[in-house]
Amino acid sequence: MEALGIAEGGPDPAAARKGRRKVYFEEAGGYVECDTYERFRLLAGNVISGPAVVEQMDTTTVIPPRETATVHRSGALIVELAQ
């Protein structure tokens, strides 16, 4: 039986980083420079601090300022909302 999930990595998502772009966040008062990441290159355990954008072929995930996303071993992004 094959194990489900993706390869393990540490908290640093640098290997998946593809660049930066400006994104508008009303709560930040305008455009903010954000790191962008390739979804398929993220590893389990990677932590992405917002503001950031995670891109993949069929969707885009926006992580607002003060929020974080952690890549679960299943490959799901678990976003923790700011308090």
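**Entry 1: the four-stranded sheet**

I began with the open sheet of 4 strands in this predicted model, and I read its strand order as E1-E2-E4-E5, with mixed pairing. I then asked which strands stand at the edges. These are strand E1, covering 17-25, and strand E5, covering 59-63; each has a single partner strand, so one side of each is left without a neighbour in the sheet. For the twist, I noted an average of 30° from one strand to the next.

**Entry 2: the pairing of E2 and E4**

Next I looked up in which sense, parallel or antiparallel, strand E2 and strand E4 pair. Strand E2 (residues 30-38) and strand E4 (residues 52-56) run in the parallel sense, and I recorded 4 bridges between them. To fix the register at one point, I followed Tyr37 across to E4, where its bridge partner is Val54.

**Entry 3: the three-stranded sheet**

I turned to the open sheet that 3 strands form, in the order E3-E6-E7, and here I found the pairing to be antiparallel. Strand E3 (47-49) and strand E7 (77-80) stand at its edges, and because each has a single partner strand, one side of each is left without a neighbour in the sheet. The twist in this sheet averages 20° from one strand to the next.

**Entry 4: the pairing of E6 and E7**

Last, I asked how many bridges join strand E6 to E7. I recorded 4 bridges between strand E6, which spans residues 68-71, and E7, the two running antiparallel. As a single point of register I took Thr70, whose bridge partner in E7 is Ile78.

Technical notes: Residues numbered from 1 in each chain as written. Predicted model: local features only at pLDDT ≥ 70, side-chain atom pairs only at ≥ 80, totals over all residues. Heavy atoms only, no water. Pairing = 2+ DSSP bridges. Axes fitted to C-alpha atoms, helices over the stretch in contact; angles between N-to-C directions.
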